[in-house]
Amino acid sequence: ARVYTEFDAEYGFQIGTNMKGTGIASGDNVVNQIPEICEITGDIRVTPSYTNEQAMEFVTNFIDNLDVTTLPTVGYDRYELPSGVRGKLEFEFVGDQYRGVATDLNAPSFHAF
């Protein structure tokens, strides 16, 4: 999906709407074992070319349609055990959502700056 729009370029946004992980917690943090659960926290930065609802819908649809067994791996693991247990990805939106802001590039107040 396209997340960098002509609007973003016109307003000088260096990147479009984006999501970045800012923290990882994984149980006991043992180096040589894959943890049962790994939690990644982060944020989604939405430029004014998209609404928060559009960004949330995009992420939700992506997560709902993701087959973890198709993700690239190193070694033999494909996120699925012979017993049929399969890895999964869950996503939760928490906290307040803030709307991106843009000003009229032709407004006298903009040019005053």
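Helices and strands are DSSP runs, numbered from the N terminus. In these terms, D28 lies in the loop between β1 (18-25) and β2 (39-45). The model is predicted. The mean pLDDT of the chain is 79. A value of 70 or more is reached by 92% of its residues. Confidence varies among the elements of the chain: α2 has the highest mean pLDDT, at 89, and helix α1 (residues 6-10) the lowest, at 76.

The loop between β1 and β2 was examined at three residues, beginning with D28. The relative accessibility of D28 is 72%, so D28 counts as exposed. D28 was also compared in position with F110. The two residues are 82 apart in sequence. Their C-alpha atoms are 52 Å apart in space.

S26 belongs to the loop between β1 and β2 as well. Its relative accessible area is 15%. Buried means under 20%, and S26 is therefore buried. Residues up to four places away in sequence were set aside when the contacts of S26 were listed. On that basis, S26 touches P35, I37 and C38.

E36 is another residue of the loop between β1 and β2. With 81% relative accessibility, E36 counts as exposed. E36 and S26 are separated by ten residues in sequence. In space, their C-alpha atoms are 7.9 Å apart. The loop thus holds a buried S26 and an exposed E36.

Attention then turned to the loop between α2 (52-64) and α3 (108-112), where F91 lies. F91 has a relative accessible area of 35% and is partly exposed. F93 is partly exposed too, with a relative accessible area of 31%. Patches are made of residues with over 30% relative accessible area and no salt bridge. M19, F91 and F93 make a nonpolar surface patch of about 270 Å².

The aromatic rings were considered next. A pair of aromatic rings is described by the distance of the centres and the angle of the planes. One aromatic pair is found in a search of the whole structure. This pair is formed by F91 and F93, whose ring centres are 4.9 Å apart. The ring planes of F91 and F93 stand at 70°, so the pair is edge-to-face. F91 and F93 thus appear both in the nonpolar surface patch and in the aromatic pair.

V101 is also found in the loop between α2 and α3. Its relative accessible area is 68%, and V101 is exposed. Neighbours within four places in sequence were left aside for the contacts of V101. V101 is then in contact with F13 and P48. V101 and Y50 are 51 residues apart along the chain. The C-alpha atoms of V101 and Y50 are separated by 11 Å.

Charged side chains were treated separately. The count comes to two salt bridges. One of these salt bridges joins D43 and R45. The closest N and O atoms of D43 and R45 are 3.2 Å apart. D43 is partly exposed, with a relative accessible area of 25%. The side chains of E90 and K88 also meet in a salt bridge, at 3.1 Å from N to O. Both E90 and K88 are exposed.

Key
Residues numbered from 1 in each chain as written. Predicted model: local features only at pLDDT ≥ 70, side-chain atom pairs only at ≥ 80, totals over all residues. Heavy atoms only, no water. Patch = residues over 30% accessible without salt bridge, like charges linked within 9 Å, V, L, I, M, F, W, Y side chains within 5 Å. Areas by Shrake-Rupley, 256 points an atom, 1.4 Å probe, with all protein chains shown as cover. Salt bridge = Lys/Arg side-chain N within 4 Å of Asp/Glu carboxyl O. Helix = DSSP H or I, 4+ residues; strand = E, 2+ residues; numbered from the N terminus. Buried < 20%, exposed > 50% of the residue type's maximum accessible area, 1.4 Å probe, protein only. Phe/Tyr/Trp six-rings, centres within 6.5 Å; stacked < 30°, edge-to-face > 60°. pLDDT = per-residue confidence, 0-100. Contact = heavy atoms within 4.5 Å.
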